[in-house]
Amino acid sequence: MQDFAAIDFETANGQRSSVCSVGVVIVRNGLIANTFYSLIKPEPDYYVWFCQEVHGLTHEDTDNAPVFPGVWQQIEPLIERLPLVAHNSPFDESCLRAVFRVYQMDYPDYEFHCTCSASRHHFGQQLPDHQLHTVAAACGYHLEHHHHALADAEACARIAMRLL
C-alpha cells in the first residue's frame, strides 16, 4: 500500500465518542507527505482516571479545544479517497463511527486496515505481544511519546509501510 492515512484517537472516558485528540499521518507514494494533530473537546465531556493515566490529557487541555465536526472539516480533505490504517482498527473505527453518530454526521464508510492484524499475520508468535510499541520496534521504528495520537499515528504509518 503506497497511499493511505494512518489515524489514531485518544478518548477521555469509556464512551467511544469521547475522542479528545486525533493524529493523522498521510502517506503518498510510500512516503510521509503530511501530518495533522488536534485536541478535541470530548463528548461526553468528562475524563476518567484510567484514560488520563494512559495519555495524560485532562479537562485543562481540552476545555477550549474545538468540537469534533470542526476538526473533521480539516481532516476530511487530507484523507479524501485514501484508505485508513490504524493499529487495532476496530477501536479507532468504532470511535470514528460513534462520534459521527453523536454529531449526526453522515458516515462515509471509510475503508480501514489494521496493522495489529497485519502484525499477527506477519510476525506470528515471534513477538511477545502485538502492541503498537512492540510492533513498531520490530519494524525498526522507535516510538517515542506512546499514547500521543500523532506519535501513535506515525508509528502505525511506519508499520503499515513495512507490512501492508
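In this predicted model, the largest pocket holds about 500 Å³ of space. Its lining is made up of 22 residues, and D8, E10, N88, F91 and H147 are the closest to the pocket centre. Three elements each give two or more residues to this lining: strand β1, helix α1 (49–55) and helix α4. By character, the lining residues comprise seven nonpolar, 10 polar and five charged. The general idea behind such a description is that rolling a probe the size of a water molecule over the atoms shows where empty space is left.

Two of the elements that contribute to the pocket lining, β1 and α4, also take part in the arrangement of sheet and helices. The sheet is open and has five strands in the order β3-β2-β1-β4-β5, with mixed pairing. Strands β3 (31–39) and β5 (112–114) stand at its edges; each has a single partner strand, so one side of each is left without a neighbour in the sheet. On average, neighbouring strands are turned by 25° against each other, with direction ignored.

Two helices that pack on this sheet are set out below.

| Helix | Residues | Strands touched | Angle between directions |
|---|---|---|---|
| α4 | 89–102 | β1 (4–11), β2, β4 (84–86), β5 | about 75° with β1 |
| α7 | 149–163 | β1, β2, β3, β4 | about 35° with β2 |

Thus the edge strand β5 is touched by α4, and the edge strand β3 is touched by α7.

How do β2 and β3 pair, and over how many bridges? Strand β2 (residues 19–28) pairs with β3 in the antiparallel sense, over eight bridges. Within this pairing, V24 has F36 of β3 as its bridge partner, while V25 has T35 of β3 as its bridge partner. As a general principle, the side chains in a regular strand alternate between the two faces of the sheet.

The two strands form a hairpin, with two residues between them. N29 is found in the loop between β2 and β3, and this residue has a positive phi of about 55° although it is not a glycine.

A further backbone feature is found in the loop between β3 and α1, where P44 is located. The peptide bond that joins E43 and P44 is cis, with omega at about 5°.

Aromatic contacts form the last topic. The whole structure contains six aromatic pairs. One of them joins W72 and Y110 in an edge-to-face arrangement, at 5.9 Å centre to centre and with 70° between the planes. Which parts of the chain does this pair link? W72 belongs to helix α3 (residues 68–79), whereas Y110 lies in the loop between α4 and β5; the two are 38 residues apart, and the pair therefore links distant parts of the chain.

Note on methods. Residues are numbered from 1 along each chain as its sequence is written. This is a predicted model: local features need pLDDT of at least 70, side-chain atom pairs count only at pLDDT 80 or more; totals for chains, interfaces and linings use all residues. Side-chain values use heavy atoms; hydrogens and water are left out. Two strands pair if DSSP finds at least two bridges between them. Helices (H or I, at least four residues) and strands (E, at least two) are DSSP runs, numbered from the N terminus. Axes are lines fitted to C-alpha atoms, for helices over the stretch in contact, and angles run from 0 to 180 degrees between N-to-C directions. Contact means heavy atoms within 4.5 Å. On a 1 Å grid over the protein atoms alone, a cavity is a set of points where a 1.4 Å probe fits but cannot get out, and a pocket is an open set with protein on both sides within 12 Å along at least five of seven lines; lining residues have an atom within 4 Å of a point. Grid points are joined across faces, edges and corners, and a volume is the space filled by probe spheres set on the points. Ala, Val, Leu, Ile, Met, Phe, Trp, Tyr, Cys and Pro count as nonpolar, Asp, Glu, Lys and Arg as charged, and the others, Gly among them, as polar. Rings of Phe, Tyr and Trp (its six-membered ring) pair if their centres lie within 6.5 Å; planes under 30 degrees apart count as stacked, over 60 as edge-to-face and the rest as tilted.
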